[in-house]
Amino acid sequence: MADKGGMKIMAAYESEGENHFRYVYGPVPSRRLGRSLGVDAIPFKTCTFDCVYCQLGRTTHKTIERKEYVSAEAVLDEVKRKLAEGDIPDYITFSGSGEPTLNSRIGDMIRGIKEMTDVPVAVLTNGSLLWRKEVQEELMAADLVIPSLDAGDEQLFQYVNRPHGDLSFERVVDGLIEFTRRFPGQVWLEILLLKGVTGLSSHVEKIVALAKRIAPARIQLNTVCRPPAEEFAFPLSTEEMLSLKELFPGRVEVILEDHSDRSEASAFSESREEDVLGLLRRRPCTSEDIAEGLGIHVTEALKRLNVLVDLGKVHSIVSGGRNFYIVTGSKSSLRSQEEGDQ
C-alpha cells in the first residue's frame with residue numbers, strides 16, 4: 001500500500017520541530033528582499049484574484065470578505081519564537097499562499113511585530129483592497145509595501161487577474177494611487193508581464209501611464225518564471241523585459257531568474273532533496289502535497305521544488321488548474337496519482 005501522505009518523512013520532521021510553525025516559515029531566500037521570514041495569515045489559495053500565472057494554481061476560495069482567518073495572537077507567538085532562535089532575517093514579510101490584506105487583523109500583527117524587533121516588515125499584496133480606508137490604515141505601520149499591477153485596462157485585468165466580481169479595475173487603480181500618496185514607508189510596484197498579452201509594447205504603454213500616476217519609489221518588472229496556473233501564461237525573454245524596461249519612468253528593476261546563482265541550491269541539503277524526491281517517486285504531487293507530506297509550509301515546499309526544477313531533476317505539468325511535479329525521466333503519471341487516491 002502506498003504511503004500517500006509521506007507519514008514516515010513527516011514524522012521525522014516532527015521530531016525536528018519544523019511543523020510547530022503553522023503560519024511562519026523560513027527565513028527563505030527572496031529575489032527581492034534577501035533572506036525573508038514569511039508570515040502567512042490566510043488559508044491556502046484564499047484570494048481576491050485568480051491570476052492565470054499563479055504558481056500555487058487556481059484560487060479555490062475567491063473572496064473580498066475580510067475577517068480573522070488566522071489568529072493574530074498565534075501568528076505573533078510564532079514570530080516571537082522564530083526570532084528567539086537567533087536566525088535574524090533581512091525582512092519579515094506578509095505573503096504566503098493567499099492575499100494577506102484579507103486578514104482583518106493584519107494591522108495588529110504588523111504593530112505587534114514592530115514592538116518585538118527592529119527587522120523591517122514588508123507586505124506583498126495584489127493591491128486589490130487598498131481602496132478600503134481600513135486596509136490603508138492597517139498597513140501604515142509597515143516599512144515596505146509591494147502591490148502589483150498586471151494590466152493597463154479593465155479587459156486585460158479581467159483576463160489576467162480574474163478578480164472577484166465586486167472588484168473593478170478603476171477602483172483597484174484608484175486605491176493604489178491613494179495608498180501610495182499616504183503611505184509613510186516605501187511602495188515598490190510589481191508589474192508582471194505576459195508574452196503576447198500584457199507584454200506587448202502597445203499595452204505596456206497603458207501600464208506606464210498608470211505607473212506615473214501611482215508614482216511608487218521603485219518599479220519591479222517581472223514575468224512568469226515558475227509553473228503557472230494556466231498553460232497559456234507565457235514568459236517574456238530577458239531581452240524583451242530589458243527592452244520594455246526603457247519605457248518606464250524612475251527607478252526600474254527587472255526581476256530575473258539567475259540560474260548561475262546556486263545560492264538556493266547550495267543551501268538545499270542532499271537529505272532534503274531526497275525527502276522531496278522520495279515523495280515524487282511514489283506519485284506526482286502538488287506543492288501542497290509536498291508541504292503536507294514533509295510537515296513544512298507550502299512556500300518552503302515551493303522553494304525546494306524550484307531548486308529541483310532548476311537542477312533538471314523535477315519538472316511540472318498543469319492539470320485541472322493545479323501544478324503537479326514529477327521526477328524527470330520517471331514513469332509517474334497523473335493516472336497513477338489518481339489510482340493512489342482510490
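The following paragraphs lead through the salt bridges, two helix contacts and one loop residue of a predicted model.

The salt bridges offer a point of entry, and the model contains 20 of them. One joins Glu230 to Arg58, with 2.8 Å between the closest N and O atoms. This pair links distant parts of the chain, for the two residues stand 172 residues apart. Glu230 belongs to the loop between β9 (218-223) and α8 (238-245), while Arg58 belongs to the loop between β3 (46-47) and β4 (61-62). The two partners may also be described by their accessibility. Glu230 has a relative accessible area of 6%, and because this is under 20%, Glu230 counts as buried. Arg58, with a relative accessible area of 37%, is partly exposed.

A second connection between separate elements is the salt bridge of Glu178 with Lys133, in which the closest N and O atoms are 2.0 Å apart. Glu178 is part of helix α6 (residues 169-182) and Lys133 is part of helix α4 (residues 133-139), so the salt bridge ties together parts of the chain that are 45 residues apart in sequence. Both residues are partly exposed: the relative accessible area is 27% for Glu178 and 48% for Lys133. Elsewhere, Glu68, Glu73, Arg105, Asp108 and Arg111 are joined into one network by salt bridges that share partners.

Within that network, the side chains of Asp108 and Arg111 meet in a salt bridge with an N to O distance of 2.8 Å. Here the pairing lies within a single element: both residues belong to helix α3 (residues 106-116), and because they are three residues apart, about one helical turn separates them. Asp108 is partly exposed at 31% relative accessible area, and Arg111 is likewise partly exposed at 38%.

Helix α3 also takes part in a helix contact. It packs with helix α2 (residues 72-84) at an angle of about 25 degrees, the axes being 10 Å apart. Because angles under 35 degrees count as roughly parallel, α2 and α3 are described as roughly parallel to each other. Their crossing is right-handed. From α2, the contact is made by Ala72, Val75, Leu76, Val79, Lys80 and Leu83. From α3, it is made by Asp108, Met109, Gly112, Ile113 and Met116. Asp108 thus appears both in the salt bridge with Arg111 and in the contact with α2. By class, the residues of this contact comprise eight nonpolar, one polar and two charged.

The second helix contact returns to α6, the helix that holds Glu178. Helix α6 packs with helix α7 (residues 201-214) at an angle of about 35 degrees, and the axes are 8 Å apart. On the α6 side the residues are Phe169, Val173, Asp174, Leu176, Ile177, Thr180 and Arg181, and they meet Leu210, Arg213 and Ile214 of α7. Six nonpolar, one polar and three charged residues make up this contact.

The last stop is a loop residue. Thr286 is found in the loop between α10 (270-282) and α11 (287-294). Its relative accessibility is 5%, and because this is under 20%, Thr286 counts as buried. When its neighbours within four places in sequence are left aside, Thr286 is in contact with Arg322, Asn323 and Phe324.

Methods: Residues numbered from 1 in each chain as written. Predicted model: local features only at pLDDT ≥ 70, side-chain atom pairs only at ≥ 80, totals over all residues. Heavy atoms only, no water. Salt bridge = Lys/Arg side-chain N within 4 Å of Asp/Glu carboxyl O. Helix = DSSP H or I, 4+ residues; strand = E, 2+ residues; numbered from the N terminus. Buried < 20%, exposed > 50% of the residue type's maximum accessible area, 1.4 Å probe, protein only. Axes fitted to C-alpha atoms, helices over the stretch in contact; angles between N-to-C directions. Parallel < 35°, antiparallel > 145°, perpendicular 65-115°, else oblique. Left-handed = near helix turned anticlockwise from the far one by under 90°. Contact = heavy atoms within 4.5 Å. Nonpolar A, V, L, I, M, F, W, Y, C, P; charged D, E, K, R; others polar.
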